[in-house]
Amino acid sequence: MNFRILYAYLRKLTARKIINSLVLYLSYFRSKWSKKNYHRGMPMSLSIEPTTSCNLRCPQCPSGLRSFSRDTGMLQKEVYEKVIDELHPYLSFLTFYFQGEPYLNPLFFNMVEYASKKNIFTHTSTNAHYLNEKNSLLTVQSGLDQIIISIDGFSEETYTKYRIGGSLEKVLQGTKNLVEAKKKLRSDSPNIIWQFIAFDHNLHEIPFAKKVAKEYDVNQLKIKTAQIYNFEEGNELIPKNNKWARYRKVGGKYEIKNKLLNHCWRMWQSAVITWDGIMVPCCFDKDAKYQMGNVLENKVKEIWQNGQYQSFRKLILKSRKNIDICKNCTEGTKIWMNGLTQQ
């Protein structure tokens, strides 16, 4: 995080948010070391899903594969505002993303603006195919603080090997449009991050990625390890260079490098809400298998502290390796990530 974006985050903090964060930290560490669930405070971070729809067909994404067991739909105003109205005194960080392409939701800019006016740091992730000149201006005007643009290749061949149905040219042009919109409106935000997922077929482009990031005047380049479904049997996308692989081969099978320690900070400080109001504990629960409640039926606070959620936290402390959504998670291990930050 560069100094400008750190300042943008810190200036939105209030005494209430800081106290809530401290309460969460203390309850988490008490639980971690005692191995007994102790939970106080409200979520300081939240991911909310604008939509499950997507224009691309990425092979390691449920949206791209159209493989959800849950319904596809768009987040509606009444669901969104109900959540924000309840949580805004505590929320420090709000992500407009879970699955799908956020810019497909026609209410996206209104949602960002609503949260921005309530002094919440806002963040999203996009494939940038809808960042035309108009949407780029609306993005800046909405008050969005940070945006991740997925760019996993710097030739059409490399890019479209994973981003099936996409266009590298559109991503580059979308980035240009957003940078120009910031200049036109004399705004430092949103902070623009290019995220490059390291696959076996694109590792050779990492040095070039750093060069192009500077040329396009993005604020930051992040190189991230790839999450692979059904990784045990291997996959051509897994890098052979161990530095960039999230998995290692042991006895003919692949396993995640993470030791799956029996604690998880996410379970104490953040949650995910799907487009139709279902609250799930983690972004690895793509199909919303572990449903803790629905915000249309109960307040977030009631769900956050209910018996089902507390039982799940207890299970995390007891045996995280027996929870299927945890088996592909990097929480508690070092993530290989490289990048640059431009002032």
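Here are three short exercises, with worked solutions, on a predicted model of a protein.

**Exercise 1. Work out whether the overall dimensions of the protein agree or disagree with those of a compact globule.**

Start with the chain length: there are 343 residues, for which a compact globule would have a radius of gyration near 20 Å. Next, take the value for the protein, which is 20 Å, so the two agree. For a picture in three directions, the C-alpha trace spans about 55 × 50 × 40 Å along its principal axes. Finally, look inside: buried residues make up 57% of the 343 residues.

**Exercise 2. Find how far apart the end C-alpha atoms of helix H2 are, and compare this with the expected span.**

Helix H2 covers residues 15–34, which is 20 residues. At 1.5 Å a residue, these should span 28 Å. The end C-alpha atoms are 28 Å apart, which agrees. Just after H2, Lys-35 takes a positive phi of about 65°.

**Exercise 3. Decide how the buried residues of H2 are arranged around its axis, and find what they pack against.**

First, collect the buried residues, meaning those under 20% relative accessible area: Lys-17, Asn-20, Ser-21, Leu-24, Ser-27, Tyr-28, Ser-31 and Lys-32. Seen down the axis of H2, they fall within an arc of 135°, so they line one face of the helix. The spacing makes sense, because an α-helix has 3.6 residues a turn and residues three or four places apart point the same way.

Now find the partners: the buried residues of H2 pack against helix H10 (266–269) and helix H12 (307–319). Last, turn to the face directed away from the buried side, where Ala-15, Ile-19, Leu-22, Leu-26 and Trp-33 are exposed.

How values were computed: Residues are numbered from 1 along each chain as its sequence is written. This is a predicted model: local features need pLDDT of at least 70, side-chain atom pairs count only at pLDDT 80 or more; totals for chains, interfaces and linings use all residues. Side-chain values use heavy atoms; hydrogens and water are left out. Helices (H or I, at least four residues) and strands (E, at least two) are DSSP runs, numbered from the N terminus. The expected span of a helix is 1.5 Å times one less than its number of residues. Buried means under 20% relative accessible area, exposed over 50%, partly exposed in between (1.4 Å probe, protein chains only). The arc is that of the directions from the helix axis to the C-beta atoms. Contact means heavy atoms within 4.5 Å. The radius of gyration is taken over C-alpha atoms; the globule rule is 2.2 Å times the number of residues to the power 0.38.
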